[in-house]
Amino acid sequence: MRGRVRRILAFFWHAWMAHAQAVLLRMPVRSNTVLYESFAGNGQLCNPEALFRELMRSSDLAHLRHIWVVNGHARTPQKSPRVRTVRYRSLGYFRALATSGYLVNNATFPPEFVKRPEQIYLNTWHGTPLKRMGYDMPNGAAESANTLRNFVSADYLLSQSPFMTKQMYELGYKLGGAFGGTVIEAGYPRVDRQFMTADERSAARELLERAGMDLRGRKIVLYAPTWTGPSFSAPEKNLLQLMRTVDELQAKLGDTEYVVLLKPHQIIGQGIVERGFTRLLSNDIPTNTVLGCTDVLITDFSSIFFDFLASDRPIVFYRPQETDAYLDQRGAYFAAEELPGAVSTSVEQVATAIVGADSDLAGQRRRAEWKQRFLPGDDGHAAGRVIDTVFRGIVDAHKSVAFERDSRTSLLLHLGSMNTNGITSSALNLLRAIDHRAFDVSVVFNRPSNAQQRDNQRKIDPRVRQFHRAGGMNGTLFDRLYRRFAEISGRDVVHTESTSQRRMWDNEWRRCFGATTFDRVIDFDGYGPFWATMLLHGPDARRSIWMHNQMDRERHRLIRGRERLKRSLGAVFGRYREFDALVSVSPSLARLNQLTLAERLGIEPERFVSARNVIDPLPIVEAAQHSVVESVGDPRPKWLSDLAHGTETTWFVTLGRFSTEKNQSRLIRAFATVHSESPATRLLLIGYGPLRVALERLIDELGITDSAYLVGPLENPFPLLGAADCFVLSSDYEGQPMVLMEAALLGLPIVTVAFSTVADALPVGSALIVDQTDDALAEGMRAFLSGAVGRPHVDVEEYAREAILEFDVATSGTGGRLP
């Protein structure tokens, strides 16, 4: 009951926030207001804080008003009539986010964020990466989805060096070809603090002493590790270890010459204070102020050492053996032996390295080389250069980088639900087979919410850029209700004829894709009115929508006794006129869709084209090599051993969703007839779906429970498919049934009924085609038993080349396989 109440409250909260966001996005942008956010409101920190200080000192920019985002722990910014704060994720926060003329962030704004054309967004990021970032991380596409969305929304990205520009932005986050703004290679404003006079350094030490640090004139050794724990919400174990390390190192060094201070990861620093730990530096003291008066830095994988290079002082890397697993999993851009400092695995080694740092001439040379390579613009004046570019419009005097326009054709494909089905399988095959030298490929789908979707997302070719849509549309309650009403009532063009509707959809496009543009936009799913509409609201592009089946029949298909697709596909039909190409997955299917829809919907027949689905044989063949027994989870059925060990029985198999159009009941009835004549036959139906219970009931009624079996869903059905003797398909209609090609790849003889698009499914002579009746299907199965149905012969490589060419032609508008 409590869970249901929470879900209801969450629904109304999200509905209210979406309404509020839409209202705020209609308010005028205040061009003289700057909004700053550091680490989701964790304080006045990092590059945004350095830019803020410089702007406050600039007399020619005194007209600007400043808003700082803070959470419950953050220190309040300096008191000034020009400065105020907003609480993170409050209504005031979202108002400031929607209406401030300048946006400055060192991380990411939340999923609700929509950057308006009148706003200027500077993303400073928070350090040159040592650890792998973006798509270079394990499953980086999912981990970096909101970061990518923020980056492509920005007008300016701040970079500390050409390495960061190339390795992190262009390659790590795949911004080459997607980011149309400017990368500013002007150094890091936060590093300006480290260029201190002797008096400024003394003042910084006094600041530390007022904060409770017992310096007593000793050299400062700063231990600044990154966060390697499993969760920010439960940091106790990791933090206690950090404190023990500090105490042990202090004991090794003694209390006379050195004092060891701890600067933890900024996300958890406040948590340490709340738990009563001492001898640490909180977020209230700027990190780079501390670095300016630090004598020796100790870190592990944190990018803080790049900043410290500006100080020309020793760096020691402390990596105990227990961090090896973290490094192996996350990865780094540089090996340990390349780093500009001693690498130690024990506290004793760290202490030795600190004491001997001044005599380490090789280490000093390496630090100088790294400083020249990674901090070419850090000279104490970076903030002024960044402000020149962003706020004063002086771009010629300082280094600005624009990624070269990619010569490849840029594609955006919507992949659908990412559930395991024929559309997802075809999309994954296409993404692997397409020529990535000719195409810059991006895909979009709703953020995966279950294990099946996440597993399929991880199968996407790593060369593909992924946009994960998170959250919902920002629209007023009226606009969203009106949108639903328009879908139900069949009002096709409401998304463009109404100003408020058009604005809602345009905002959603910008929320998902920022300023990214594409040459071709493709709804590869073709079943959802939301995506069919949203993909029409980007910048000019060639737009195509896929038709994976006889769409008019699909609209009236019964699912659990109801025409559940009637309304949604009706809304999709209403968008067809706005797409340049309607792409069926076979020529005969294109003909059928043209005959049933073109005249009724007022669409020119030439827009109905075709492109067959691509198949990738290697994963299928490899998957079929897995153990038959292990492909089915526990408890394992008794029949599995019979199939796995090749007894004297003959196995017919089919694979597909248990739904009306697949008509597995026809196959079960036909098999019952064949089995009564040939008792050594078996039937295996692999799949899942709403008709499972009905099919099980039919098997029971026909008295064949000891010879006909249902199994699924299975993560890998191919071992079972490959172990069978003959594949049988009994569908009423299909688009392009890739399961026939999969069966052919595994060398299975094929018997199929004569649905309308069967001629395009396989090369002529590759299958026995029979009428769509129980008797004809039974006769086809008898033909296999008598040896009259041979194994198919398919040139998969030639088929794949043709299918990719058809995809290119259909989506480019240069023709296509016409009906």
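These exercises walk through a predicted model of one protein chain.

**Exercise 1. Describe the chain as a whole: how many helices and strands does the chain have, and what share of its residues is buried?**

Solution.
- Start with secondary structure. The chain has 32 helices and 26 strands.
- Next, take the extent. Along the principal axes, the C-alpha atoms fill a box of roughly 100 × 60 × 55 Å.
- Then turn to burial. Of the 819 residues, 58% count as buried.
- Look at the surface. The accessible surface comes to about 34,000 Å², and carbon and sulfur atoms hold 51% of that area.
- Finish with contacts. Among those with a separation of 6 or more, 73% are between residues 24 or more positions apart.

**Exercise 2. Find which residues of α18 and α20 make their contact, and at what angle the two helices pack.**

Solution.
- Two descriptors are needed: packed helices are described by the angle between their axes and the distance between the axes.
- Locate the helices. Helix α18 covers residues 477–489, and helix α20 covers residues 499–513.
- Read the geometry. The angle is about 95°, and the axes are 10 Å apart.
- Classify it. Angles of 65 to 115 degrees count as roughly perpendicular, so α18 is roughly perpendicular to α20.
- List the residues. Helix α18 contributes Asp479, Arg480, Tyr482 and Arg483, while α20 contributes Ser500, Gln501, Met504 and Trp505.
- Sort them by class. The contact has three nonpolar, two polar and three charged residues.

**Exercise 3. Compare three salt bridges: are their partners buried or exposed?**

Solution.
- Begin with the total. The count comes to 42 salt bridges.
- Take aspartate 307 and arginine 190. Their side chains meet at 2.5 Å, N to O.
- Place this pair. Aspartate 307 is in helix α11 (residues 304–308), and arginine 190 is in the loop between β7 and α7, 117 residues apart. Both aspartate 307 and arginine 190 are buried.
- Take arginine 216 and aspartate 214. This salt bridge spans 3.2 Å, N to O. Arginine 216 is exposed because its relative accessibility is 56%. Aspartate 214, at 44%, is partly exposed.
- Take arginine 437 and aspartate 435. Their closest N and O atoms are 3.0 Å apart. Arginine 437 is exposed at 73%, and aspartate 435 is partly exposed at 30%.
- Add a network. Asp406, Arg408, Asp440 and Arg465 are joined by salt bridges that share partners.

**Exercise 4. Check the backbone: which peptide bonds at proline 635 and proline 713 are cis, and what is phi at phenylalanine 39 and asparagine 663?**

Solution.
- Set the background. Most residues other than glycine have a negative phi, and most peptide bonds are trans.
- Check proline 635. A cis bond joins aspartate 634 to proline 635, with omega about -5°. Proline 635 sits in the loop between α25 and α26.
- Check proline 713. The bond from glycine 712 to proline 713 is cis, with omega near 0°. Proline 713 lies in the loop between β23 and α29.
- Check phenylalanine 39. Its phi is positive, near 50°. Phenylalanine 39 lies between β1 and α2, in a loop. The residue is buried because its relative accessible area is 16%, and the cut-off is under 20%.
- Check asparagine 663. Its phi is also positive, about 50°. Asparagine 663 lies in the loop between β21 and α27, and counts as buried at 13%.

**Exercise 5. Place alanine 754: where does alanine 754 lie, and which residues does it contact beyond its sequence neighbours?**

Solution.
- Locate it. Alanine 754 lies in the loop between β25 (750–753) and β26 (768–770).
- Judge exposure. At 35% relative accessible area, alanine 754 is partly exposed.
- List contacts. Leaving aside neighbours within four places in sequence, alanine 754 touches Ile769, Val770 and Gln772.
- Add one distance. The C-alpha atoms of alanine 754 and aspartate 732 are separated by 8.4 Å, with their positions 22 residues apart along the chain.

Definitions and conventions:
Residues numbered from 1 in each chain as written. Predicted model: local features only at pLDDT ≥ 70, side-chain atom pairs only at ≥ 80, totals over all residues. Heavy atoms only, no water. Helix = DSSP H or I, 4+ residues; strand = E, 2+ residues; numbered from the N terminus. Buried < 20%, exposed > 50% of the residue type's maximum accessible area, 1.4 Å probe, protein only. Contact = heavy atoms within 4.5 Å. Axes fitted to C-alpha atoms, helices over the stretch in contact; angles between N-to-C directions. Parallel < 35°, antiparallel > 145°, perpendicular 65-115°, else oblique. Nonpolar A, V, L, I, M, F, W, Y, C, P; charged D, E, K, R; others polar. Areas by Shrake-Rupley, 256 points an atom, 1.4 Å probe, with all protein chains shown as cover. Salt bridge = Lys/Arg side-chain N within 4 Å of Asp/Glu carboxyl O.
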